[in-house]
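Please walk me through this structure, taking one part at a time and explaining how the parts relate to one another.

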Amino acid sequence: MKTTITLEVLSCEGCARNVAAKLLEIRGVANVKTDLKTKSATVIPKAEASLSPRQLWEAVEKAGKKPLKLQGPSGTFTSKPKM
Ligand SMILES: [Cu+2]
């Protein structure tokens, strides 16, 4: 199941690429799609992989962006998930 992360700001392709690259570094992530219009990144896991929402949230922060909301199989979060 995919996870969608909405960011405070995502205004150019360079930043979108940077966010996608950080998310792709996480083990178990198969693909990442970004959308400047909705300021979001959608993470598709590899089959059977269950991703840590906290790790995804932190990857966005490492790319210098602020996540506002994360929605995925483990729930909906509006602050950094604990796990
Ligand atoms: Cu940018």
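Just past the end of helix α2, residue G64 adopts a positive phi of about 85°, in what is a predicted model. The helix that G64 follows, α2, has several buried residues, namely P53, L56, W57, A59 and V60. Seen along the axis of α2, these buried residues fall within an arc of 155°, and so they line one face of the helix. The cover over that face comes from several parts of the chain, for the buried residues of α2 are covered by elements that include β1, α1, β2 and β3, together with β4 (67–72) and β5 (75–77).

The other helix can be read in a similar way. Helix α1 is made of twelve residues, 13–24, and spans 16 Å from its first C-alpha to its last, which is close to the 16 Å expected at 1.5 Å a residue. Its buried residues are A16, V19, A20 and L23. Because they cover an arc of only 100° around the axis, they lie on the same side of α1. Against these buried residues pack β1 (3–7), β2 (29–35), β3 (40–45) and also α2 (53–62).

With both helices described, the whole arrangement can be set out. The protein contains two helices and five strands, and, starting from the N terminus, its elements follow the order β-α-β-β-α-β-β. Among the contacts in the protein with a separation of 6 or more, 56% are accounted for by residues 24 or more positions apart. The C-alpha atoms fill a box of roughly 30 × 25 × 20 Å when this is taken along the principal axes. A compact globule of 83 residues would have a radius of gyration near 12 Å, and because the protein has 11 Å, the value agrees with that expectation. Of those 83 residues, 35% count as buried.

A metal site comes next. Which residues coordinate the copper ion? The copper ion is coordinated by the SG atoms of C12 and C15, at 2.0 to 2.1 Å. As for the surroundings of these two cysteines, C12 counts as partly exposed because its relative accessibility is 36%, and C15, at 23% relative accessibility, likewise counts as partly exposed. A disulfide is a covalent bond between the sulfur atoms of two cysteines. When sulfur atoms have to lie within 2.5 Å of each other to be counted as such a pair, the count for this model comes to zero disulfides.

The last stop is a loop residue, K39, which is found between β2 and β3. K39 has a relative accessible area of 35%, and it is therefore partly exposed. Although K39 and T6 are 33 residues apart in sequence, their C-alpha atoms are 5.8 Å apart in space. T6 is also one of the residues that K39 contacts once neighbours within four places in sequence are left aside, and the list in full is I5, T6, L7, E8, V9 and L10.

How values were computed:
Residues are numbered from 1 along each chain as its sequence is written. This is a predicted model: local features need pLDDT of at least 70, side-chain atom pairs count only at pLDDT 80 or more; totals for chains, interfaces and linings use all residues. Side-chain values use heavy atoms; hydrogens and water are left out. Donors are N, O and S atoms within 2.8 Å of the metal (3.2 Å for Na, K and Ca); water is not among the atoms, so sites may look incomplete. Buried means under 20% relative accessible area, exposed over 50%, partly exposed in between (1.4 Å probe, protein chains only). Helices (H or I, at least four residues) and strands (E, at least two) are DSSP runs, numbered from the N terminus. The expected span of a helix is 1.5 Å times one less than its number of residues. The arc is that of the directions from the helix axis to the C-beta atoms. Contact means heavy atoms within 4.5 Å. The radius of gyration is taken over C-alpha atoms; the globule rule is 2.2 Å times the number of residues to the power 0.38.
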